[in-house]
Every structure is written in structure tokens, then in C-alpha cells.
Amino acid sequence: MKVLVTVKEVREVDDEFEIEGTEIPEQYLEYDLNEWDDYAVEEGVQLQEDGVADEVVAATIGPERTEETIRMALAKGADRAVRVWDDALEDVELLDVGAKARILAEVVEEEEPDLVLTGVQAGDDAFGATGVALARKVGYEWAAVVNHLDLDADEGVAHVHRELEGGIDELTDVELPAVLTIQTGINEPRYASLRGIRQAQRKEIAEQSLGDLGLSAADVEGELELTDMYEPETESEATYFEGDAGEQAAQLADLLRDAGVVDA
Amino acid sequence: MILAVAEHRRGELRDVSLELITAGRQLADDVDTALHVAVIGGDVDRFAERLDRDGVDVIHTVDHGEEFNHGVYEQVTVQLVEELDPEYVLTPNSVNGLDFAPAVATKLDLPLVTDAVGLTADDGTLTVNRDMYGSKVETAVGVDADQAVVTIRGGDWAPAEGTADAEVRAFDAEVDESALGSTVTGFEAAAEGDVDISEAEFIVSIGRGIEEEENLPLIEALVEATGATLASSRPIVDNEWLPKNRQVGQSGKVVTPDVYVAIGISGAVQHVAGMKGSDTIVAINTDPNAPIFDIADYGIAGDLFEVVPELIEEFGGEVPDV
Ligand SMILES: Cc1cc2nc3c(=O)[nH]c(=O)nc-3n(C[C@H](O)[C@H](O)[C@H](O)COP(=O)(O)OP(=O)(O)OC[C@H]3O[C@@H](n4cnc5c(N)ncnc54)[C@H](O)[C@@H]3O)c2cc1C
Ligand SMILES: Nc1ncnc2c1ncn2[C@@H]1O[C@H](COP(=O)(O)O)[C@@H](O)[C@H]1O
């Protein structure tokens, strides 16, 4: 069976940064493979190592720069990748869930995987919704926030645990084909080996435009617009302990003694 | 009208359902319309009584099944929307909310905005406030559509109070059982283990700032010297450096100690959900913009590897070599 893993290159904001309009300027940003997608890739690669999957394909929507991130997924064991990008996407400030699902749905329809693994959420936009939207779009079954997967390929069922609030797991049987959104902690993502990194250089990253997928700019415009970006309001005015580490520690020690939680 | 879909689990309405009413009422006032609440499955009549709070106009009960099933919730919500034609559909931004709201939005081809912390409507435009970049910034998102699906963050609106005299209507949904492709077979609780951190009065909690498992003895020495209870953020547990019963947050434990010292923890919303009820919150973090400082009473903008050894010495403890 075939597994498709969606991977996003996420933007991470430096400790010190500024906001310009509705953007954080490039110099304050770093890029990385989305944490949740790292676990999704690992889950796919493990299915292949266990002989359950024959092929693991990574798919991303992102500009050329994201190839570096895609290569990480390939270095960890994905067989090949599809990268969707288009000039029309360049101008979209906030790619909403509907647009992402429309694009990824075309990739799924072309690849026809039995199982799609996405992350629970992208660390930057944090919609937490693309996987389920994609499933509905392509008519696959789905399960959100999966922290345990036991795949019965013969029966065509994924036995999953969905991690609910408060440390309760819901045990669910999901018919294949399905989209599962993968939660951190489901496995232990590997580091790419040197050999893996070398092999990844030779693996295929197929580039697709919206037109290649039968989509147009109108399909990705979406109805959401980022109108403002600002620093969140603070709920409490924190008192900062000043001085060097020793002085800061002394003030904190006094606080803990005064609060009566430490006797020493 | 605004349609809010309540959430319950294992026989109990979840708190966020009452918060949803407050958010929904505010939005309904903005658009000058009615607030309808739907409750799907379980003991719907008992749930309807609890949902009958100030601001609710109509409660739709859908007596189908016991527990949450995303297929049922999707089908029923779609039928409610088709029947009632609400402007906005609200659901909790919970694990189950995120298991069906995106499907409803996709099915009806409506825009979806998740994890709202603020909602305003003005002249047919909805503005949703939500976080990005691990809560380092907040944004306003304009939704240019007559209808939309919005999921709201738990704990951000006060639970609705009082009693209304809402009309309760049994909604006769047609659920196509053959279209349901997933079946809930049970529930499982995480093992309790050796300690119950939710009972602790003084917690020292460690996050990804500790970098390596080899550095944990530093925190253990602090715990030893102060008599604190050790807890952590999720990545520490994901990495299996500490057992699950030490995890604070949405998918871990909710704690309410006298003092909570967060060390190398950024303050992601799912972590904060588990500790914001602490009396006094202290944060130690190298990043002065870490969101944890937004809820902290005291802060040290500094390096834990410098501060923690000094703190151990303050209490006469032994600083390990890490
Ligand atoms: C459905 C769902 C449920 C979740 N449930 C939970 C939950 O129950 N609990 C939970 O915690 N998370 C939960 N999360 C994960 C959450 O989103 C965050 O990823 C997580 O809380 C981050 O943990 P952290 O703060 O330790 O790590 P990071 O966000 O990586 O933060 C590390 C911090 O350490 C600081 N730091 C680095 N070096 C140092 C140093 N030398 N000294 C001092 N500070 C330093 C950094 O500045 C940074 O702020 C959940 C996520 C999802 C999607
Ligand atoms: N631009 C993208 N390219 C590929 N996959 C994506 C993209 N955006 C989101 N996803 C996938 O959808 C998941 C959830 O993202 P989100 O709904 O944006 O929080 C991510 O973990 C990815 O697996």
C-alpha cells in the first residue's frame, strides 16, 4: 500500500523580532520542518520498514526554498516528493485551510494513496484543520489527533487512539482509505543519517503548478484576509528579577521562602 | 442566527459548551440575531437543561447515539445549517471540534477559522482574533463571506450563567449509518503512576529548554533541594524523559499549586491550559518574548543553566555536573 505524508516548512520567529504591518520581516524568521509532520514522516517510514507500506510519498505546498525541508523528509526515508507551487500562490498572504485542502486533494487524487498522514497542526499558522478538511474533500475517512496507530492492511482498517483532553484516549477503528492527523509522541522521529542525506539528493521532487493540478488562481484565493498582527496582551504584569544569575536566584529564593513553599 | 454546537463526553457536558454560549451571544448581539445551540447525542434532555443559560434562544436536541462520532456530528450539523441557515457556526476548538468542524466547512464549502480568541461582526464582515507562531503574535483575520465556521478556544470566554427560557426543539436528523466509516470502540486513561501532580502545592516544571536528557539531573537537584514536585511540558514526555503523569497541559494534567516555576517552557496555549490556575507563576526563559511571561507573576529573562545552579545553592543543594 501507498502512504502520502503532507509536510510543511514552518516559519519560526526569533527571540527578538518586530512586526511590520501584518508580517514579521524575513530577517526575524527561521525555517524548519513542522514538528508534527516530522512524527508523521516517521510513522510512514516505519510502516514501510514493517513491510506494510510499499511507498511513502511526501507532499508539500511551498516555494522553491522549501525543497531543503522536503529533502529532510526524503533523508529520513520518504521515497519521493511532490512540491506544489505557483506564481498565484506567491501573492496569497494567508493560505487558508480550504485552499490547502483543495490543492492537496488534487495531489491525493493523482497519487491515490491508501493512507494519508498529516500533522495535527502546523506550528506557525496553527489551524489544526487541514488533514480533516482534506479527508472530507477527497471522500476518505479520517481521525484527528492520533497518538497510536495499528494498521490492519488486509482488513482495510486503521485501529487508532485519538488523544482527547485530560490524558484520555479514544479508541477508534477507521476504514481505509483514510487521513490521520498525527500527534507528537506517537513515535521517536529519527535523525537523518549521512547516508540518508546523500540518498535524498538523488530522490525525485516533482514540481507541480496549479495548472498541472487542474486548479486556477481563483481556487486558492480563499475568503480569509489577515488584517492585523500585534503582540498579545499580557494578562499579568510580570515583575522581573534583575541582576546577574546569582542575584536573580536569590530574589526567587526569597519569594519561594515567603510563599512558604520551601523551608530550607 | 448563530448556531453553536455543544460538546459532551462520557455523560458530561464539557465546560467549553457554556463558554461557547457566551461567545455565541456576543456575536449574536453584534449581528443582532438569535443564538441557537445544538446538542447531539447522549442524554440530550439533561444536557438541554444545562445549556438553557442567559442568552440562548433555541436549543436543538438531536437524540442520536451516546458518544461523539465525527460522521454523525458532521451529517447532523450540515442538516442543521441547511435547515436553519445560520450566519456563523461555532464549535469548540477541542480535539473533537477539530475532528468534525473542518469536515462541515468543507462539505458546505464555507470558510473556516480555528482557535478564535476574539470575535466581532460588523456590517457582514466577521473578524476573528487568533494566535500565530506559538502565541508569539496575535492576528485579526477578516472573513469575507455570509457564512463561516469558527472554532473557539476553551477558557477564553466566561461560562454562560443564569437560566434562560429557551425553546427546546427536537431536531429530526437523518443519519446515513452506511456513510459512517469510523467506530469508537472504547476509552483508555493514561496510567496514574507514582505521583499525582494535580495535588502538589509547589511545582517545578521543565520544558524543551533543558535540551538534553543528560541535563535533567540539574532540575532533579533543584527539586531535591526545595522539596518541589517535578512536572514538565509535553515534549519532555514525548521524548520519554519523564512519564506521562508528569505532563501539565491540555492533554496532561491540570495543576493549581501555590507556586508554579516554569523553566525553559515557552507557554504554548495547550501548556498554559494546564497551569494558568496556579496562584503564583514564575517563568525562567532566555526569550524575553516567550508567551509564558504574559501570564507570569514573576520572571527571570535568563539562561536556566546559569540560574538553576545558583538556585540550588541558595537552598544548600548539590549542583550536579551536567
Ligand atoms: C492537541 C495538542 C495537545 C497538546 N497538549 C499539550 C500539553 O498537554 N502540554 C504541553 O506542554 N504541550 C502540549 N501541546 C504542545 C504545545 O503546543 C507545545 O508544543 C509545547 O507545550 C511546547 O513545549 P515547551 O514549551 O517545552 O517547548 P518550546 O515551545 O520549544 O519552548 C522551549 C522554551 O525554552 C526556552 N529556552 C531555550 N533554552 C533555554 C535556556 N537555556 N534557559 C531558559 N530557557 C530556554 C526557549 O526560549 C523556549 O521558550 C499540545 C499540542 C497539541 C496540538
Ligand atoms: N503548505 C502545506 N504543505 C503541505 N502540507 C501542509 C501545508 N499546510 C498544512 N499542511 C499539513 O496539514 C497539517 C495541519 O496544518 P494546519 O491545518 O495548517 O495547522 C500540517 O501538519 C501539514 O501536515
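Biologist: Why is the pairing of B:Lys136 with B:Asp287 called a salt bridge?

Modeller: In this predicted model, the closest N and O atoms of B:Lys136 and B:Asp287 are 2.9 Å apart. The rule asks for a side-chain nitrogen of Lys or Arg within 4 Å of a carboxyl oxygen of Asp or Glu, so the pair qualifies as a salt bridge.

Biologist: How many salt bridges does the rule find across the interface of domain 1 of chain B and domain 2 of chain B?

Modeller: The rule finds one salt bridge across that interface. The count of residue pairs in polar contact between the two domains, both residues at pLDDT 80 or more, is likewise given as one. On the side of domain 1 of chain B that touches domain 2 of chain B, the residues divide into one nonpolar, three polar and two charged.

Biologist: What are the bounds of these domains, and what separates their centres?

Modeller: Domain 1 of chain B covers 2-179 and domain 2 covers 197-314. Their centres, taken over C-alpha atoms, are 34 Å apart. Six residues from domain 1 of chain B and six residues from domain 2 of chain B take part in the contact.

Biologist: How much area do the two domains bury between them, and which residues of domain 1 supply the most?

Modeller: About 470 Å² is buried between domain 1 and domain 2 of chain B, with 50% of it on carbon and sulfur atoms. B:Ser135, B:Lys136 and B:Arg153 supply 64% of the area that domain 1 buries against domain 2, more than any other three residues.

Biologist: Where does ligand 1 lie, and what makes B:Ser233 a polar contact of ligand 1?

Modeller: Ligand 1 lies between chains A and B, and 29 residues surround ligand 1. An N or O atom in the side chain of B:Ser233 is 2.6 Å from an oxygen atom of ligand 1, which is within 3.5 Å, so this is a polar contact. B:His271 places a polar side-chain atom 2.9 Å from an oxygen atom of the ligand, while a backbone N or O atom of B:Leu304 lies 2.9 Å from a nitrogen atom of ligand 1. The protein buries 87% of the 980 Å² that ligand 1 exposes when taken alone.

Biologist: How do you know that A:Asp37 is in polar contact with ligand 2?

Modeller: An N or O atom in the side chain of A:Asp37 is 2.5 Å from an oxygen atom of ligand 2; the limit is 3.5 Å, so the pair is a polar contact. From the backbone, an N or O atom of A:Ala122 lies 2.8 Å from an oxygen atom of ligand 2, and a polar atom of A:Gly128 is 2.7 Å from one. Of the 480 Å² of accessible area that ligand 2 has on its own, the protein covers 99%.

Note on methods. Residues are numbered from 1 along each chain as its sequence is written. Chains are lettered from A and ligands numbered from 1 in the order in which they are written. This is a predicted model: local features need pLDDT of at least 70, side-chain atom pairs count only at pLDDT 80 or more; totals for chains, interfaces and linings use all residues. Side-chain values use heavy atoms; hydrogens and water are left out. Domain bounds come from an automatic or database domain assignment. Contact means heavy atoms within 4.5 Å. Buried area is the accessible area (1.4 Å probe) that two parts lose on being put together, summed over both. A polar contact is a pair of N or O atoms within 3.5 Å; within protein, one must be able to donate a hydrogen and the other to accept it, and residues adjacent in sequence count only if both atoms are side-chain atoms. Ala, Val, Leu, Ile, Met, Phe, Trp, Tyr, Cys and Pro count as nonpolar, Asp, Glu, Lys and Arg as charged, and the others, Gly among them, as polar. A residue is near a molecule or strand if one of its heavy atoms lies within 4 Å of it. Accessible areas come from the Shrake-Rupley method with a 1.4 Å probe; for residues, only the protein chains shown count as cover.
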